[in-house]
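User: Please take a close look at a single part of this model, one edge of its sheet, and explain in connected prose how that part is built and what surrounds it.

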Amino acid sequence: MNKDIKAAKDLLNQLRLTALRANFEELLISSAELTQLQFLEKALRIEVDARQNNSRSRRLKQAGFSYHKTIDEFDFGFQTSVSSRHIRHLMNMSWVEQAFNLLFIGPPGVGKTHIAVGLGIHAVELGYTVYFTTMDELMRDLRAEQISTRSKRRIKHLKSAALVIIDELGFLPISIAEANLFFQLINSLYQHSSVIITSNKGFEDWPKYFGDPVITTAILDRLCHKSELFNMFGDSYRLAHRNTIFPAK
């Protein structure tokens, strides 16, 4: 290796410009016709792009999505109870800036989680911090927050996120004490973070689920103050597109 190149790469290493260091020799070869200013811009672009990609990957990992599904993969032709125009309008994320909430209500299989995850992934791509959890996982962390370092760290991360996605509210029963913990969490996020909730239960069933109409009213008051409600219905996409062991005749 040319000693000048080695010296330059050593300096890049000291400055922690790791992406530029890794691509430095290739950059020199491909930039022979560039002016000094063009070369500098191209070199800095390599580092900036690498850091943005690393940051996106880190945010995506920290979000904890249950799977990777985008809005472009959603079949609006099959699921007609939700408007493609409305969902794509949400992709500008202005509602996150205003701490609006989204509530997707409907039976299993109609695409509630897919849309929630798709919006969450798009938010990550635009630079927002996102936290995804199921209601059951959230309850475990809230119960253990005072005694578990891991749960405490998760709740801290959740509260610092711009967008919190709580999936499957209503699938498993919770106690009055857990309902109180959930209210306290929603209250702490109110006007501060956006929340997406998916649930198989309509609002009329929430008092029974939470076990207390007063707590339920307080939760809904904060969730619905600034929100959009999507009532989804129809056939289950999973059942309609199920894989089978035997090939079709």
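Analyst: Two strands are taken to pair if DSSP finds at least two bridges between them. In this predicted model, strand β2 and strand β3 (residues 163-169) are joined by five bridges, and the two strands run parallel. Within that pairing, F132 has I165 of β3 as its bridge partner, while T134 stands opposite D167, which also belongs to β3.

The pair is part of an open sheet of five strands, whose order is β2-β3-β4-β1-β5 and whose pairing is parallel. β2 (130-134) and β5 (227-231) stand at the edges of this sheet, and because each has a single partner strand, one side of each is left without a neighbour in the sheet. From one strand to the next, the twist averages 10 degrees.

Is β2, as an edge strand, mostly covered or mostly uncovered? β2 is mostly covered, since five of its five residues are buried, where buried means a relative accessible area under 20%. In a regular strand the side chains alternate between the two faces of the sheet. In β2, V130, F132 and T134 lie on one side and Y131 and T133 on the other, and with all of these buried, both faces of the strand are covered.

Two helices touch this part of the sheet. Helix α8 (residues 135-144) lies across β2 and β3 and runs at about 95 degrees to β2. Helix α9 (residues 149-160) also packs on the sheet, where α9 touches β2 and β3, and the direction of α9 makes about 125 degrees with that of β2.

The partner strand holds a residue that deserves separate attention. E168 is found in strand β3, and, setting aside residues up to four places away in sequence, E168 touches T134, M135 and T198; T134 is one of the buried residues of β2. E168 itself counts as partly exposed, because its relative accessibility is 36% and that class covers values between 20% and 50%. Most residues other than glycine have a negative phi. E168, however, has a positive phi of about 65 degrees although it is not a glycine. A positive phi is also found at R16, a residue other than glycine with phi near 60 degrees, but R16 lies in the loop between α1 (3-14) and α2 (18-22) and is exposed, with a relative accessible area of 67%. E168 and T217 are 49 residues apart in sequence, and their C-alpha atoms are 19 Å apart in space.

For a view beyond the sheet edge, a pair of packed helices can be set beside this description. Two packed helices are described by the angle between their axes and the distance between the axes. Helix α4 (residues 36-63) and helix α7 (residues 112-125) pack at an angle of about 150 degrees, with their axes 9 Å apart, which means that α4 is roughly antiparallel to α7. The crossing of these two helices, α4 and α7, is right-handed. In their contact, R56, R59 and L60 of α4 meet I121, V124 and E125 of α7, and the residues of this contact divide into three nonpolar, no polar and three charged.

Methods:
Residues are numbered from 1 along each chain as its sequence is written. This is a predicted model: local features need pLDDT of at least 70, side-chain atom pairs count only at pLDDT 80 or more; totals for chains, interfaces and linings use all residues. Side-chain values use heavy atoms; hydrogens and water are left out. Helices (H or I, at least four residues) and strands (E, at least two) are DSSP runs, numbered from the N terminus. Axes are lines fitted to C-alpha atoms, for helices over the stretch in contact, and angles run from 0 to 180 degrees between N-to-C directions. Contact means heavy atoms within 4.5 Å. Angles under 35 degrees count as roughly parallel, over 145 as roughly antiparallel, 65 to 115 as roughly perpendicular and the rest as oblique. A crossing is left-handed if the near helix is turned anticlockwise from the far one by less than a right angle, and right-handed if clockwise. Ala, Val, Leu, Ile, Met, Phe, Trp, Tyr, Cys and Pro count as nonpolar, Asp, Glu, Lys and Arg as charged, and the others, Gly among them, as polar. Buried means under 20% relative accessible area, exposed over 50%, partly exposed in between (1.4 Å probe, protein chains only).
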